[in-house]
Amino acid sequence: MITRDLFNEVLIKPISLGANKLCIVSGYAASAMAFRHLSRIQELGRPVSVELIVGMSASDGISLTNHKGFQKLVTEDFAGRFQCAYIHRPPSVHSKVYVWLKDDQPFKAFAGSANYTQRAFGRQRETLVPCDAAAGYEYYDSLTPETIYCEHNDAELLVQIYNDKEILRRKEAAAASEESEIQQTASGFESLDALPRRCVSFLANNGTLPQTSGLNWGQRKGREPNQAYIKLPASVYNTDFFPPIAVHFTVLTDDNKVMICTRAQQHGKAIHTPHNNSEIGVYFRQRLGVRLGNAVRRGDLENYGRTEVCFYKIDDETYFMDFNNAV
């Protein structure tokens, strides 16, 4: 029985033994976890692919944040290396099974209590045990006819995609269960205003907009000019509002874009997009109407109507970012 360091023991170590494909069945899953896992695999420089089936989607649906996050991973960030599908007809699947293949042959498998989430693989106690790889793959394969790929045109017709912004009240059973971390721990809140919120100014304490940091981090010689981060004040980074340094989290924006983020720099005072440090800079330049590559000025923010951005905490891995300038 594996009770410690599940991430490395189950999700990484088999690669060193020649495994090159991982097939996952998980009742619940998070796009931030997939990003963390795929990024770690990428660092190893091995040709490894991951295929995920989310099992409880037939009954509980998928949050818009995770749905868009999975789509982005499949079509952009890890295209050709990641595949995600949802069970779309009952009964739902609550299993957690991880099957490694070696050159398309079942090689190693694990089953147990750990969902494919960062909380399960590091922040709470879970167990996984080795199991028969052939049987595990047979189980995975038996579920594929009941799935639809997350990027398929009909995915949103066959699976309920619920909007994080509205924070729909979830079923009492889901809210009371351990899986409420994904389906969401915002369950029970009736409006966005009921969620914990932190607003962060882009301006320095003296009221100016920094020209070589924050939104203008890339405005230095030798840098990609759109590189940017969101600077957090001590009143935010010294709290547990955001996850610890190096833990990934998914951010849904008010215009329905998704970014995988993490905290970095000293004390975790900056929010970055680790896959591409320009993602935040490109996003805000497009919102502000600033030509890509150009510096952002205080006047651009004022003309837009916002000099700050607000974050709402939906759960430990999911946040909503409001930069709406509508009155």
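**Close-up 1. Helix H4 is largely enclosed by the rest of the structure, because 11 of its 14 residues are buried.** Keep in mind for this and every other view that the model is predicted. The buried residues of H4 are a mixed bag: Leu64, Thr65, Asn66, His67, Gly69, Phe70, Gln71, Lys72, Leu73, Val74 and Asp77. The helix covers residues 64-77, and at 1.5 Å a residue its 14 residues should span 20 Å. The C-alpha atoms at its ends sit 18 Å apart, which agrees with that expectation.

**Close-up 2. Helices H2 and H4 pack against each other.** Two packed helices are described by the angle between their axes and the distance between the axes. Here, the axes of H2 (residues 31-44) and H4 come within 8 Å and cross at roughly 30°. That makes H2 roughly parallel to H4, since angles under 35 degrees fall in that class. On the H2 side, Ser31, Ala34 and Phe35 make the contact. On the H4 side, the contact is made by Thr65, Asn66, Gly69, Phe70, Leu73 and Asp77. Sorted by class, the contact of H2 with H4 has 4 nonpolar, 4 polar and 1 charged residues.

**Close-up 3. Lys72 of H4 pairs with Glu279 in a salt bridge.** Side chains of opposite charge can pair when their charged atoms come close. For Lys72 and Glu279, the closest N and O atoms are 3.3 Å apart. This pair links distant parts of the chain: Lys72 belongs to helix H4 and Glu279 to helix H10 (residues 279-288), 207 residues apart. Are the two partners buried or exposed? Both Lys72 and Glu279 are buried. Asp77 comes into the picture too, as Lys72, Asp77 and Glu279 are linked in a network of salt bridges.

**Close-up 4. Lys21 and Glu51 form a salt bridge between two strands.** The closest N and O atoms of this pair are 3.0 Å apart. Lys21 lies in strand S1 (residues 21-26) and Glu51 in strand S2 (residues 49-54), so the pair ties together parts that are 30 residues apart in sequence. Lys21 has 16% relative accessibility, so it counts as buried. Glu51 counts as buried as well, because its relative accessibility is 14%. If you're keeping score, the count for the model comes to 11 salt bridges.

**Close-up 5. Asp316 and Lys313 meet through their side chains in a salt bridge.** The N to O distance for this pair is 3.7 Å. Asp316 is partly exposed, with a relative accessible area of 26%, whereas Lys313 counts as buried at 17%. While you're in this stretch of sequence, have a look at Tyr312, found in strand S15 (residues 308-315). Tyr312 counts as buried, at 5% relative accessibility. From Tyr312 to Leu6 the C-alpha to C-alpha distance is 30 Å, and the two residues are 306 apart in sequence.

**Close-up 6. Cys150 is buried, with a relative accessible area of 0%.** You'll find Cys150 in the loop between strand S8 (147-149) and helix H7 (155-158). Which residues does Cys150 touch, not counting residues up to four places away in sequence? The answer is His67, Phe70, Gln71, Val74, Cys84, Ala85, Tyr86 and Ala155. Among these, His67, Phe70, Gln71 and Val74 also feature among the buried residues of H4. Phe35, on the other hand, is 15 Å from Cys150, C-alpha to C-alpha, with their positions 115 residues apart in sequence.

**Close-up 7. Three loops have backbone features to check by eye.** Most residues other than glycine have a negative phi, and most peptide bonds are trans. The peptide bond from Pro90 to Pro91 is cis, with omega near 0°. Pro91 sits in the loop between strand S4 (82-87) and strand S5 (96-102). Asp104 has a positive phi, near 70°, and is placed in the loop between S5 and strand S6 (105-112). Asp104 counts as exposed, with 56% relative accessibility. His267 also has a positive phi, near 65°. His267 lies in the loop between strand S13 (258-264) and strand S14 (270-272), and is partly exposed at 48% relative accessible area.

Notes: Residues are numbered from 1 along each chain as its sequence is written. This is a predicted model: local features need pLDDT of at least 70, side-chain atom pairs count only at pLDDT 80 or more; totals for chains, interfaces and linings use all residues. Side-chain values use heavy atoms; hydrogens and water are left out. Helices (H or I, at least four residues) and strands (E, at least two) are DSSP runs, numbered from the N terminus. The expected span of a helix is 1.5 Å times one less than its number of residues. Buried means under 20% relative accessible area, exposed over 50%, partly exposed in between (1.4 Å probe, protein chains only). A salt bridge is a side-chain nitrogen of Lys or Arg within 4 Å of a carboxyl oxygen of Asp or Glu. Axes are lines fitted to C-alpha atoms, for helices over the stretch in contact, and angles run from 0 to 180 degrees between N-to-C directions. Angles under 35 degrees count as roughly parallel, over 145 as roughly antiparallel, 65 to 115 as roughly perpendicular and the rest as oblique. Contact means heavy atoms within 4.5 Å. Ala, Val, Leu, Ile, Met, Phe, Trp, Tyr, Cys and Pro count as nonpolar, Asp, Glu, Lys and Arg as charged, and the others, Gly among them, as polar.
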